[in-house]
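Please open the structure in your viewer and keep the selection panel at hand. The tour below goes from one selection to the next and says what is there at each stop.

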Amino acid sequence: MKKIPLIRPYITQEVKQAVCDVLESGHLTEGPMTQALEQAFRDYIGCGYAIAVTSCTTGLETALRAIGISPGDEVIVPDYTYPATACAVRIVGATVVIVDVDPETMLIDYDAIEGAITDRTKAVIPVSIFGNPLDYDRLNRIKERFGIIILEDAACSIGARYRGVCVGNLADISVFSLHPRKFITTGEGGIITTNNKAWAEWIQSYKHFGMGKADSRLKAQFKRIGTNYKLSDIQAAVGLVQMRHIEALLETRIRLSERYHEFLEGSPGISISRVTAGGRHSRQSFCVFVGNRDGVMTRLREQNIEVQIGTYSLSRQAAFSPSSVCRIVGDMAGSLWAFDHCLTLPLFEGLAAEDQQFVVARLLEAMEAV
Ligand SMILES: *Cc1c(COP(=O)(O)O)cnc(C)c1O
C-alpha cells in the first residue's frame, strides 16, 4: 500500500554535497558554515543578530537567561504549545504562567495575557504555532502598557510575516527550531534572533563556555559560567543549502495548502484554522479540526497516511500540574478544544495533487466511518 508521510525533509544532492565538503574540510565543529547559516538568517529576516544553537529548546533557555529571567520572575506562555516552551521557563527556575489560546488561530489569547500579568511578570513567550504569525499590533500594545519583554517561540515560523515584517524581527528576541519536523532543518538545531546587541553578545559568550573577547592572541578569557550550545558545521551545511531555496520552498507549501483548502471546501464537519489578519502563514503544518479526531487519525494511519495531532495542551501534562512555580489562569477551553480536534495533514516538497486528493478522500471516508 502506498505510504504518504507527514513530512519529508528537503535533502537533495546539493545538500549531500555540502555535507561531504564539510567532512572533507576537516572543520567539524562550529565554523564557517555555521557563521554562513547565521548570516543567511540575518539577511533573510533583516534582523541585527542571528546566533545558532543546538535546538530551539536550548535557544529558549539561553534567550531567557540573556534577558535576565531568574527564580521568582513570572513568564506567561500559551497552554497550546510544544512543552519545550514552558520547560525552558522552569529550566531557568522561573514561574510558568499558563493562559488560553484562541481556538480558531490556536495563538495565545491576548486578553488572557493582560489578565495574567502581575508585578512579577517579566516576559511573555507567545508561540507562532504551526507558522501562523502573531498579531504584533496587539502584542506591542501589551508590551508598552505593562513593560514586559516579548520572547517569541518561533520554532515553526521561518518565512512567516506580519504586515510584511519577517517573524524573527518582530519580538524583542525570537527562537527558531531546525528540527526535522520544521521545513528548514539541520537534524537538530536552533537560531536566536534579536536586534539587541548586549543580549547577542551575552548569548555568543554563554554558548561558547562563557568566553569573552581574547586578551591576547594566545589565550581566551572566560568571563562567566557558560555552556556549549554550538551548532556543528556538518549540521549547518544542511540548513544553509535549504536557506538558499527558502522562498521557493515556502511558495510550494503555500500552494499545497491552498490546494487542501480547495479540496476541503464545503466538506461538512471539517473546519480549517484561521490565519492572523495581515499575516503570511509559513505553512509549517496544515491543520484541520475534526470530531472524533483520534478515531479519524487511527483510521488514516491504518491506511498508511501519516497524520498527527497538532500539539499539546500543557494543562493536561503532569509536568505542569499547578504548584508554587506553575500557575494555570483560566479554563483552557480554547486550548483543550484544539488539543482534542486538531489534525495535521501530510505536507512536504514534492507532494502530488493526486496524493492530496487521496488524503482528503480517505479523511472524509474516515469521518463517516468513525
Ligand atoms: C518544535 C518545537 C519546539 C522544540 O524545538 P527543538 O528544536 O526540537 O528544541 C519548541 N516549540 C515549538 C512551538 C515547536 O514547534
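What follows is a walk through the ligand, the pockets and the cavity of this model, which is a predicted one.

**Stop one: the ligand and its neighbours**

Begin by selecting the ligand together with the residues around it, which number 16, and pick out C56, T57, D153, S177 and K182, since these come nearest. Sorted by class, this shell holds 7 nonpolar, 7 polar and 2 charged residues. If you then display the helices α3 (56-66) and α4 (84-91), you will have two elements that each supply at least two residues of the shell around the ligand.

Which atoms of C56, S177 and K182 should you look at beside the ligand? For C56, turn to the backbone, where a polar atom is 2.9 Å from an oxygen atom of the ligand. For S177, show the side chain, in which an N or O atom is 2.7 Å from a ligand oxygen, and do likewise for K182, whose side chain has an N or O atom 2.7 Å from an oxygen atom of the ligand. Taken on its own the ligand has 380 Å² of accessible area, and the protein covers 90% of that area.

**Stop two: the largest pocket**

Keep the ligand in view while you turn to the largest pocket, because by the rule that more than half of a molecule's atoms must lie within 2 Å of the pocket's grid points, the ligand sits in this pocket. The volume of the largest pocket is about 550 Å³, and its lining is made up of 27 residues, among which Y82, H179, R181, K182 and T311 lie nearest the centre. K182 is therefore worth keeping highlighted from the previous stop, where it was listed among the residues that come nearest to the ligand.

Next, colour α3, α4 and β15 (308-309), each of which supplies at least two residues of the lining of the largest pocket. Which of these elements gives the most to that lining? It is α3, with 3 residues. By class, the lining divides into 11 nonpolar, 12 polar and 4 charged residues.

**Stop three: the second largest pocket**

Now select E201, W202, Q204, S205, H208, M211, G212, K213, K223 and R224, which line the second largest pocket. Two elements, α7 (197-207) and β10 (211-212), give two or more residues to this lining, and α7 gives the most, with 4 residues. The volume here is about 280 Å³, and the lining residues fall into 2 nonpolar, 4 polar and 4 charged.

**Stop four: the cavity**

How many cavities of 30 Å³ or more are counted? The count comes to 1, and the volume of the largest cavity is about 130 Å³. To find it, select R8, P9, Y10, F183 and R253, which lie nearest its centre among the 14 residues of the lining. When those lining residues are divided by class, 8 are nonpolar, 1 is polar and 5 are charged.

Definitions and conventions:
Residues are numbered from 1 along each chain as its sequence is written. This is a predicted model: local features need pLDDT of at least 70, side-chain atom pairs count only at pLDDT 80 or more; totals for chains, interfaces and linings use all residues. Side-chain values use heavy atoms; hydrogens and water are left out. On a 1 Å grid over the protein atoms alone, a cavity is a set of points where a 1.4 Å probe fits but cannot get out, and a pocket is an open set with protein on both sides within 12 Å along at least five of seven lines; lining residues have an atom within 4 Å of a point. Grid points are joined across faces, edges and corners, and a volume is the space filled by probe spheres set on the points. Ala, Val, Leu, Ile, Met, Phe, Trp, Tyr, Cys and Pro count as nonpolar, Asp, Glu, Lys and Arg as charged, and the others, Gly among them, as polar. A residue is near a molecule or strand if one of its heavy atoms lies within 4 Å of it. A polar contact is a pair of N or O atoms within 3.5 Å; within protein, one must be able to donate a hydrogen and the other to accept it, and residues adjacent in sequence count only if both atoms are side-chain atoms. Accessible areas come from the Shrake-Rupley method with a 1.4 Å probe; for residues, only the protein chains shown count as cover.
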